[in-house]
Amino acid sequence: MDSTNIENDDAKEIREDRENRGDLEGLYDLAIPLSMPITVIRELVEKFDVEPVLRPGKMDMTGEVMDREILVLRGDLETVKAVEKYMFEALDRKIAEWNSTDKEEKYKKYYEEQSRLRLKEVKENPDAVSNWELTSD
């Protein structure tokens with residue numbers, strides 16, 4: 001491909017972008033931070049009138065700027081502002097859920113019960129240990 005074709009392709013992309021901008025008038029993009037839980041993103045799309053879109057962008061994740069596609073939620077300004085506020089509130093709720101001791105207590109009881117059953121099994125049948133599937137770190 002010669003430089004003339006490359007320049008024509010670039011010009012075509014710029015022209016298409018300008019044409020598409022008319023369709024985007026009045027719409028705003030909210031960039032979704034990396035590692036945002038998919039459950040939060042799904043909740044935002046279902047709750048608000050926004051469209052998830054992949055948009056080209058520049059990111060610096062390793063000290064080197066690179067071109068990447070980033071996830072944005074597109075909508076009118078008022079909606080995007082509400083989505084941004086709700087997104088961080090939802091993330092706070094998700095983090096609180098992860099930090100909750102409810103699951104810890106539930107699993108602790110489960111493991112203690114399993115341990116008790118295994119000890120009982122070993123006392124009743126010492127050869128049973130050879131059938132256990134064990135993992136080691």
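Which strand and which helix do the buried residues of H2 pack against? The legends below take up this question and others on a predicted model.

**Figure 1. Overview of the predicted protein chain, with its four helices and three strands.** Followed along the sequence, the elements of the protein chain come in the pattern α-β-α-β-β-α-α. The protein chain has 137 residues, of which 19% count as buried, and its accessible surface comes to about 11,300 Å², with 49% of that surface belonging to carbon and sulfur atoms. Where contacts join residues at least 6 apart in sequence, 59% of them join residues at least 24 apart.

**Figure 2. Close-up of helix H2 (residues 38-47) and its buried side.** Val-40, Ile-41 and Leu-44 are the residues shown as buried in helix H2, and because they cover an arc of only 100 degrees around the axis, they come to lie on the same side of H2. The buried residues of H2 pack against strand E3 (65-75) and helix H3 (77-99), which answers the opening question. On the face of H2 that is turned away from this buried side, the view shows the exposed residues Ile-38 and Glu-46.

**Figure 3. Close-up of the hairpin formed by strands E2 and E3.** Strand E2, which covers residues 51-60, pairs with E3 in the antiparallel sense, and the pairing runs over ten bridges. Within this pairing, Pro-56 stands opposite Glu-69 in E3. Four residues lie between the two strands of the hairpin, and Gly-63 takes a positive phi near 90 degrees. For reading such a view, it helps to recall that side chains in a regular strand alternate between the two faces of the sheet.

**Figure 4. Close-up of the salt-bridge network of Asp-29, Arg-55 and Arg-74.** The side chains of Asp-29 and Arg-55 meet in a salt bridge, with a distance of 2.9 Å from N to O. Asp-29 lies in strand E1 (residues 28-31) and Arg-55 in strand E2, so this salt bridge ties together parts of the chain that are 26 residues apart in sequence. Asp-29 also forms a salt bridge with Arg-74, and here the closest N and O atoms are 2.6 Å apart. This second pair links distant parts of the chain, since Arg-74 is in strand E3 and Asp-29 in strand E1, 45 residues apart. As for exposure, Asp-29 counts as partly exposed at 26% relative accessibility, and Arg-55 counts as partly exposed at 32%, whereas Arg-74 is buried, with a relative accessible area of 16%. Arg-74 is placed in the buried class because its value of 16% is under the 20% cut-off.

**Figure 5. Close-up of the salt bridge between Lys-94 and Glu-97 in helix H3.** The side chains of Lys-94 and Glu-97 meet at 3.9 Å, N to O. The two residues are three apart in helix H3, so that about one helical turn separates Lys-94 from Glu-97. Lys-94 is buried, with a relative accessible area of 16%, while Glu-97 counts as partly exposed at 38% relative accessibility. In the whole model, the count of salt bridges comes to seven.

**Figure 6. Close-up of Thr-79 in helix H3 and its contacts.** Thr-79 is buried, with a relative accessible area of 15%. When its neighbours within four places in sequence are left aside, Thr-79 is in contact with Phe-48, Asp-49 and Val-50.

**Figure 7. Close-up of the nonpolar surface patch made by Tyr-107, Tyr-110 and Tyr-111.** These tyrosines make a patch of about 380 Å² on the surface. Tyr-107 has its place in helix H4, which covers residues 101-124. With a relative accessible area of 43%, Tyr-107 is partly exposed; the residue can therefore be counted in a patch, for which over 30% relative accessible area is needed.

Terms used: Residues numbered from 1 in each chain as written. Predicted model: local features only at pLDDT ≥ 70, side-chain atom pairs only at ≥ 80, totals over all residues. Heavy atoms only, no water. Patch = residues over 30% accessible without salt bridge, like charges linked within 9 Å, V, L, I, M, F, W, Y side chains within 5 Å. Areas by Shrake-Rupley, 256 points an atom, 1.4 Å probe, with all protein chains shown as cover. Salt bridge = Lys/Arg side-chain N within 4 Å of Asp/Glu carboxyl O. Buried < 20%, exposed > 50% of the residue type's maximum accessible area, 1.4 Å probe, protein only. Arc of directions from axis to C-beta. Contact = heavy atoms within 4.5 Å. Pairing = 2+ DSSP bridges.
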